[in-house]
Amino acid sequence: MMFERIVILTGAGISAESGVDTFRDRNGLWSKIDYRDVATPEGFAANPVLVHDFYNMRRRRIAELEPNDAHRALARLEREFSGEVLLVTQNIDDLHERAGSTNLIHMHGEHLSALCAACGVRVAWQGDMSVETPCPSCGAVGHMRPDVVWFGEMPYQMERIYTALRAADLFMSIGTSGNVYPAAQFVQEAGRSGAHTIELNLEPSDTFDDFDEAIHGPASRVVPSYVDMLLKG
Ligand code: NAD
Ligand code: APR
């Protein structure tokens with residue numbers, strides 16, 4: 001099969017071999033901490049110090065990690081593929097960028113960005129954040145938050161994502177459990193538009209039955225070999 005327009009969705013599993021915790025695996029993040037405390041607007045309102053500590057710790061941890069062969073394979077696909085490649089990630093880490101991917105959407109936000117809940121400005125962010133951090137734009141204190149899409153909030157750039165899914169002829173889903181919407185529905189959206197859909201995951205996801213094809217195994221192995229096949233045409 002020759003493809004021209006590829007949309008790729010990645011989840012926490014693509015960063016697992018780089019050392020980033022996944023959420024719902026056996027010892028995933030949500031088995032250690034209640035997601036309602038650190039990944040909902042209500043949790044932030046109730047205890048902003050806990051939420052800042054959680055994301056400060058994740059920001060520092062991710063800075064010590066490196067992209068793996070799966071991230072690098074997707075960057076190579078974008079560079080060498082003759083058609084279009086759009087990478088949509090649910091991850092807030094910057095490992096795709098550091099591997100060289102550029103046509104990229106962080107639908108759940110990113111840890112190197114901050115949002116002011118008072119004026120709505122989004123700014124690039126390094127280092128820690130706290131309840132004393134003033135907004136660099138409006139100066140308000142106590143309103144800066146991680147620029148991360150929490151449960152109950154609208155993911156970013158959905159219109160652009162759905163437009164790409166409707167035009168895709170190949171949809172690849174990598175390292176996601178298919179537990180969270182709207183990302184979990186992307187395979188159906190792409191399939192309805194006639195795209196070939198493939199899941200590359202450690203094990204069958206919750207939306208496994210929606211895919212035309214699946215290759216199960218660690219992303220750092222299965223993604224480079226699938227990209228090699230795509231580039232050979
Ligand atoms: P959700 O999974 O609860 O649902 C998102 C939307 O899809 C909702 O409108 C919901 O009604 C709909 N939906 C849920 N189950 C569905 C189903 N079985 N079939 C069809 N539609 C269904 O996600 P949420 O609570 O709205 O969270 C919004 C976004 O925030 C999600 O994309 C989530 O991944 C993201 N998020 C990010 C973090 C983070 O730390 N980055 C943490 C939690 C959530
Ligand atoms: N290679 C490939 N897949 C892997 C690997 C690996 N080395 N390790 C784990 N996986 C798979 C797991 O089998 C699982 O299906 O990655 C998936 C990770 O699923 P989750 O932990 O649920 O992460 P994700 O799907 O990204 O969660 C979606 O939920 O909490 C929110 O916003 C958060 O973006 C996150 C969203």
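In the predicted model, ligand 2 is surrounded by 23 residues, of which Ala12, Phe23, Arg24, Thr176 and Ser177 are the closest. By class, this shell consists of nine nonpolar, 10 polar and four charged residues. The space that ligand 2 takes up is the largest pocket.

Three side chains were found in polar contact with oxygen atoms of ligand 2. In the case of Thr176, a polar side-chain atom lies 2.6 Å from an oxygen atom of the ligand. For Ser177, the distance between a side-chain N or O atom and a ligand oxygen atom is also 2.6 Å. A side-chain N or O atom of Glu203 is placed 3.4 Å from an oxygen atom of ligand 2. Ligand 2 taken alone exposes 730 Å², and 94% of that area is buried by the protein.

Tyr55 and Arg58 are listed by UniProt under "binding site", in an unreviewed entry. Both Tyr55 and Arg58 belong to the lining of the largest pocket, the space taken by ligand 2. Tyr55 is located in helix 4, which comprises residues 48–63.

Around ligand 1 there are 15 residues, and those that come nearest are His108, Val149, Phe151, Val180 and Tyr181. The shell around ligand 1 divides into 11 nonpolar residues, three polar residues and one charged residue. His108 contributes a side-chain N or O atom at 2.7 Å from an oxygen atom of ligand 1. Backbone atoms also take part: a polar backbone atom of Val149 is 3.0 Å from a nitrogen atom of the ligand, and a backbone N or O atom of Gly152 is 2.9 Å from an oxygen atom of ligand 1. Of the 820 Å² that ligand 1 exposes when taken alone, the protein buries 63%.

Tyr181, one of the residues that come nearest to ligand 1, precedes a cis peptide bond. The bond from Tyr181 to Pro182 has an omega near 5 degrees. Pro182 is situated in the loop that runs between strand 7 (170–174) and helix 8 (186–192). A further backbone feature concerns Gln157, a residue other than glycine whose phi is positive, near 55 degrees. Gln157 is part of the loop between strand 6 and helix 7 (158–167).

A second set of positions carries the UniProt annotation "binding site" in an unreviewed entry, namely Cys116, Cys119, Cys135 and Cys138. These cysteines span 23 residues in sequence, but no two of their C-alpha atoms are more than 8.5 Å apart, and the four therefore gather at one spot. Cys135 is placed in the loop connecting strand 5 (122–124) and strand 6 (144–148).

At the level of the chain, the UniProt annotation "domain: Deacetylase sirtuin-type", again from an unreviewed entry, covers residues 1–233. Over residues 1–233, helix accounts for 33% of the chain and strand for 20%. The end C-alpha atoms of this stretch are 8 Å apart.

Note on methods:
Residues are numbered from 1 along each chain as its sequence is written. Chains are lettered from A and ligands numbered from 1 in the order in which they are written. This is a predicted model: local features need pLDDT of at least 70, side-chain atom pairs count only at pLDDT 80 or more; totals for chains, interfaces and linings use all residues. Side-chain values use heavy atoms; hydrogens and water are left out. A residue is near a molecule or strand if one of its heavy atoms lies within 4 Å of it. A polar contact is a pair of N or O atoms within 3.5 Å; within protein, one must be able to donate a hydrogen and the other to accept it, and residues adjacent in sequence count only if both atoms are side-chain atoms. Accessible areas come from the Shrake-Rupley method with a 1.4 Å probe; for residues, only the protein chains shown count as cover. On a 1 Å grid over the protein atoms alone, a cavity is a set of points where a 1.4 Å probe fits but cannot get out, and a pocket is an open set with protein on both sides within 12 Å along at least five of seven lines; lining residues have an atom within 4 Å of a point. A molecule sits in a cavity or pocket if more than half of its atoms lie within 2 Å of its grid points. Ala, Val, Leu, Ile, Met, Phe, Trp, Tyr, Cys and Pro count as nonpolar, Asp, Glu, Lys and Arg as charged, and the others, Gly among them, as polar. UniProt positions are given in the numbering used here, feature names are shortened, and annotations may be inferred rather than shown by experiment. Helices (H or I, at least four residues) and strands (E, at least two) are DSSP runs, numbered from the N terminus.
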